[in-house]
Amino acid sequence: MPSDIRKRFFFIVLLALFSLGIFMIFSIRFEAGDIYPPYSSFRSDPLGCRALHDSLIHTGDVAVSRSVTPLHRMKGLENTTVLVPGLGPNDLSGSLPQAWFDAIDGLVKGGARLVLCSVPSRF
């Protein structure tokens with residue numbers, strides 16, 4: 001019987017350590033932000049724009065928010081600036097779907113300001 005209790009205790013400790021390791025790996029990845037897509041405001045590495053987001057918050061002059069809502073579902077954004085980072089050099093020449101352009105057009109016609117940011121490219 002004591003051997004059975006030791007085995008259970010060892011299994012529980014091993015399971016707890018494994019769970020802690022998995023939790024630590026995910027927390028490091030979330031903190032670095034590399035699980036988010038490039039040019040996300042959740043990324044703190046050079047491929048993200050979290051520094052811009054956080055610096056705008058600290059100015060205190062503007063209200064800053066993130067949105068994970070698809071562009072075609074955004075409503076009521078008059079007098080709001082929408083930042084769209086990470087566009088490729090060929091994205092505006094037809095590689096993006098027409099629905100994306102329609103959503104952007106709807107935002108601008110609704111009174112939002114639009115800032116399109118392209119990725120660095122070599123000539």
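These exercises look at charged pairs and a nonpolar surface patch in a predicted model.

Residues are numbered from 1 along each chain as its sequence is written, and side-chain values use heavy atoms, with hydrogens and water left out. Local features need pLDDT of at least 70 and side-chain atom pairs count only at pLDDT 80 or more, while totals for chains, interfaces and linings use all residues.

**Exercise 1. Find how many salt bridges the model has.**

Step 1. Fix the rule: a salt bridge is a side-chain nitrogen of Lys or Arg within 4 Å of a carboxyl oxygen of Asp or Glu.

Step 2. Recall the chemistry. Side chains of opposite charge can pair when their charged atoms come close.

Step 3. Apply the rule. The count comes to 3 salt bridges.

**Exercise 2. Describe the pair Arg8 and Asp4.**

Step 1. Take the distance. The closest N and O atoms of this salt bridge are 3.6 Å apart.

Step 2. Place the pair. Arg8 and Asp4 are 4 residues apart in helix α1, so about one helical turn separates them. Helices are DSSP runs (H or I, at least four residues), numbered from the N terminus.

Step 3. Check the exposure. Buried means under 20% relative accessible area, exposed over 50%, and partly exposed in between (1.4 Å probe, protein chains only). Arg8 has 57% relative accessibility, so Arg8 counts as exposed. Asp4 has 35%, so Asp4 is partly exposed.

**Exercise 3. Do the same for Asp54 and Arg50.**

Step 1. Their side chains meet in a salt bridge, at 3.4 Å from N to O.

Step 2. Both sit in helix α2 (residues 50–59), 4 residues apart, which means a separation of about one helical turn.

Step 3. Asp54 is partly exposed at 26%. Arg50 is partly exposed at 28%.

**Exercise 4. Now take Asp105 and Lys109.**

Step 1. The N to O distance in this salt bridge is 3.0 Å.

Step 2. The two residues lie 4 apart in helix α3 (residues 98–109), so they are separated by about one helical turn.

Step 3. Asp105 is partly exposed at 35%, whereas Lys109 is exposed at 68%.

**Exercise 5. Locate the nonpolar patch and place Ile22.**

Step 1. Set the terms. Patch residues have over 30% relative accessible area and no salt bridge; like charges are joined within 9 Å, nonpolar side chains (Val, Leu, Ile, Met, Phe, Trp, Tyr) within 5 Å. Accessible areas come from the Shrake-Rupley method with a 1.4 Å probe; for residues, only the protein chains shown count as cover.

Step 2. List the members: Phe11, Ile12, Leu15, Phe18, Ile22, Ile25, Phe26, Phe30 and Ile35. Together they have about 920 Å² of accessible area.

Step 3. Place Ile22. Ile22 lies in helix α1 (residues 2–32). Its relative accessible area is 33%, so Ile22 is partly exposed.
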